[in-house]
Amino acid sequence: TRDVAPRLGYLKPALIHSKFFPALQGHKTKMSASSENSAVFLTDTPEQIKDKIVHHAFSGGKMSAEEQRRLGADIDVDVSYQWLTFFLEDDAKLNDIHDKYKSGKMMTSEIKKILIELLVKLVQKHKDARQYVTDDMVHAFMTPRSLTY
């Protein structure tokens, strides 16, 4: 299609692959502004972020620490690990976490602590940058304008 479309006078089609990260309660739920504990918001305080991750992030860990060490975590359903795949930029560290968590060498609380630290820094960086945005900047950005090809 990408080869033929230009010959027919059309633009080449494009495909965008989107991967959404799960709600805090797991893959079978969805994030919603009406459910305060389904997501971490850019306006959340560090205490709110910690509370949401510790108490509401669905875990792939086992029922006991002993069982977790023996069997490892189910990283396919663990929300904290899934979020780390989006936010942790160090691939080597992510691979190390993957291997340790899946094998039982890391506990759920350790994964959640890493995610909390990461999200608190990210949200604070956003808040710091946001304070410099003026109404004029928002207006200029949101003003409709013609696209030139």
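Here are four short exercises, with worked solutions, on helix packing and the largest pocket in this predicted model.

**Exercise 1.** Work out how H2 and H6 are oriented to each other, and which residues make the contact.

*Solution.*
- Start with the axes: those of helix H2 (residues 46-56) and H6 come within 10 Å and cross at roughly 150 degrees.
- Angles over 145 degrees count as roughly antiparallel, so H2 is roughly antiparallel to H6.
- As for handedness, H2 passes H6 in a right-handed crossing.
- Now pick out the residues: H2 brings Pro46, Ile49, Lys50, Ile53 and Val54, while H6 brings Lys112, Leu115, Ile116, Leu119, Val120 and Val123.
- Sort them by class and you get nine nonpolar, no polar and two charged residues.

**Exercise 2.** Do the same for H4 and H6: find the orientation, the handedness and the contact residues.

*Solution.*
- The axes of H4 and H6 come within 9 Å, crossing at roughly 40 degrees.
- Angles under 35 degrees count as roughly parallel and 65 to 115 as roughly perpendicular, so this pair lands in the oblique class.
- H4 passes H6 in a left-handed crossing.
- On the H4 side, the contact uses Ser80, Tyr81, Trp83, Leu84 and Phe87; on the H6 side, Ile111, Lys112, Ile114, Leu115, Leu118, Leu119 and Leu122.
- That contact splits into ten nonpolar residues, one polar and one charged.

**Exercise 3.** Decide how H4 and H5 are oriented, then classify the residues where they meet.

*Solution.*
- H4 and helix H5 (residues 91-103) have axes 10 Å apart and pack at about 165 degrees.
- With the cut-off for roughly antiparallel set at over 145, H4 and H5 are therefore roughly antiparallel.
- The crossing of H4 past H5 is left-handed.
- Tyr81, Leu84 and Thr85 of H4 touch Leu94, Ile97, His98 and Tyr101 of H5.
- By class, that's five nonpolar, two polar and no charged.

**Exercise 4.** Find the largest pocket and say which element gives the largest share of its lining.

*Solution.*
- The largest pocket has a volume of about 280 Å³.
- Its lining runs through Phe86, Phe87, Leu88, Glu89, Lys93, Ile114, Glu117, Leu118, Lys121, Leu122 and Lys125.
- Helix H4 (79-87) and helix H6 (108-130) are the elements that give two or more residues to that lining.
- H6 has the largest share, with six residues.
- Finish with the classes: six lining residues are nonpolar, none polar and five charged.

Note on methods. Residues numbered from 1 in each chain as written. Predicted model: local features only at pLDDT ≥ 70, side-chain atom pairs only at ≥ 80, totals over all residues. Heavy atoms only, no water. 1 Å grid on protein atoms, 1.4 Å probe; cavity = no way out; pocket = protein on both sides within 12 Å on 5 of 7 lines; lining within 4 Å. Points joined across faces, edges and corners; volume = space filled by probe spheres on them. Helix = DSSP H or I, 4+ residues; strand = E, 2+ residues; numbered from the N terminus. Nonpolar A, V, L, I, M, F, W, Y, C, P; charged D, E, K, R; others polar. Axes fitted to C-alpha atoms, helices over the stretch in contact; angles between N-to-C directions. Left-handed = near helix turned anticlockwise from the far one by under 90°. Contact = heavy atoms within 4.5 Å.
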